[in-house]
Amino acid sequence: WGDGSAGATSFVIRAAGNDQVKAMMRDAYQHGLCDGLSFEVSKAMPCVLYINGAYWGLHHLRQRMDDEELARRYDVKARKITIVEDLGVLYKGEPSAADKLLGLVAKVDRWDGQGEEVAQLIEAQLDVPEFLQYMAAQMVLGNMDWPRQNVKYWRYEGKPSIGTKMDGRWHMVMGDSDLGFGANASPEHDMFQKVRPMDSPTARLFIGMMRSPIYRELFRSVADDLVSGPLSSARCKAELDRMVLQLSPEMNRHTARWRKPVDVAHWNREVQVLREFAARRQEAVRAQLQRFIGS
């Protein structure tokens with residue numbers, strides 16, 4: 001994967017999901033933008049696929065984000081990893097974990113943002129800076145198929161190791177983002193307002209935390225750091241140029257095989273949609289963030 005990591009139990013060969021008829025890259029591209037942030041992402045490697053000698057076109061070789069992959073990353077037993085996804089459904093691990101997470105959500109949902117008891121409970125069960133960075137990233141990237149789905153929480157069930165990801169608290173895994181980055185919304189779409197009325201555990205947890213002036217200010221700082229650095233217009237454009245350079249030599253043959261995208265011209269037009277999103281999103285997010293935090 002280019003970072004010194006090796007070994008895996010399984011991979012996913014992905015044709016780009018909902019984006020395969022458009023830019024053929026959105027999910028892999030956005031995970032790449034978030035690589036190096038505090039939450040987990042699935043690394044991607046573009047490849048040309050043949051099945052029994054038949055040309056099958058461009059795909060993305062991806063890390064499968066499950067208990068086995070998390071165990072590999074942190075050198076622990078997979079049976080010690082619990083994953084809860086989307087609306088609070090157990091994916092892997094401890095059967096009671098989903099109820100415990102939903103119990104935390106319920107307490108935060110009723111919180112007025114002032115009492116220390118609930119704040120201490122949040123800090124004990126959730127990696128707060130990581131959660132807020134994850135939330136900010138999904139909103140900056142405009143992930144429209146979220147947060148009712150494409151969400152994963154994970155935690156280590158063994159003896160806690162404070163100061164590491166093995167601390168027993170909930171941590172975040174980034175999900176599919178193929179409907180993000182301008183796939184079906186403009187760069188000016190206000191994701192902060194989209195999350196506010198959402199009836200999902202992730203949205204309820206976030207909005208409850210935003211009643212606290214301390215967490216609001218922390219979120220403001222985290223989101224501003226993202227649009228000034230890892231998710232800035234300049235970096236988004238540079239990473240897009242890099243991925244386009246990787247995919248473009250194969251796109252003519254790929255589109256001739258599948259007509260998804262229809263042809264290279266159609267693909268280039270969709271790439272321009274990503275460029276426009278990258279150019280305009282930073283300024284839009286700053287204005288929206290100010291309204292959200294100040295409201």
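Analyst: Contact here means heavy atoms within 4.5 Å. Keep that handy, and remember that this is a predicted model.

User: What covers the buried residues of α3?

Analyst: The cover includes β4, β5, α4 (116-125), β6 and α7 (201-209).

User: And what makes a residue of α3 count as buried, and which ones are they?

Analyst: The cut-off is under 20% relative accessible area. In α3, Ala97, Ala98, Leu101, Leu104, Val105 and Val108 are buried.

User: How do you know that they line one face of the helix?

Analyst: Look down the axis of α3: its buried residues fall within an arc of 125°, so one face is where they sit.

User: Why does the span of α3 agree with what a helix should have?

Analyst: Helix α3 (residues 97-109) has 13 residues, and the expected span is 1.5 Å times one less than that number. That gives 18 Å, and the end C-alpha atoms are 18 Å apart, so the two agree.

User: Now the sheet. Which strands form it, and in what order?

Analyst: It's an open sheet of 4 strands, running β5-β4-β6-β7 with antiparallel pairing.

User: Why are β5 and β7 said to stand at the edges?

Analyst: β5 (89-92) and β7 (171-174) each have a single partner strand, so one side of each has no neighbour in the sheet.

User: What makes β6 and β7 a pair?

Analyst: Pairing takes at least two bridges. Strand β6 (residues 151-156) and β7 have 4, in the antiparallel sense, so they pass. Val151 stands opposite Met174 in β7.

User: Which helix packs on the sheet?

Analyst: Helix α2 (residues 67-74) does, touching β4 (81-85), β5 and β6. Its direction makes about 135° with that of β4.

Notes:
Residues numbered from 1 in each chain as written. Predicted model: local features only at pLDDT ≥ 70, side-chain atom pairs only at ≥ 80, totals over all residues. Heavy atoms only, no water. Helix = DSSP H or I, 4+ residues; strand = E, 2+ residues; numbered from the N terminus. Axes fitted to C-alpha atoms, helices over the stretch in contact; angles between N-to-C directions. Buried < 20%, exposed > 50% of the residue type's maximum accessible area, 1.4 Å probe, protein only. Arc of directions from axis to C-beta.
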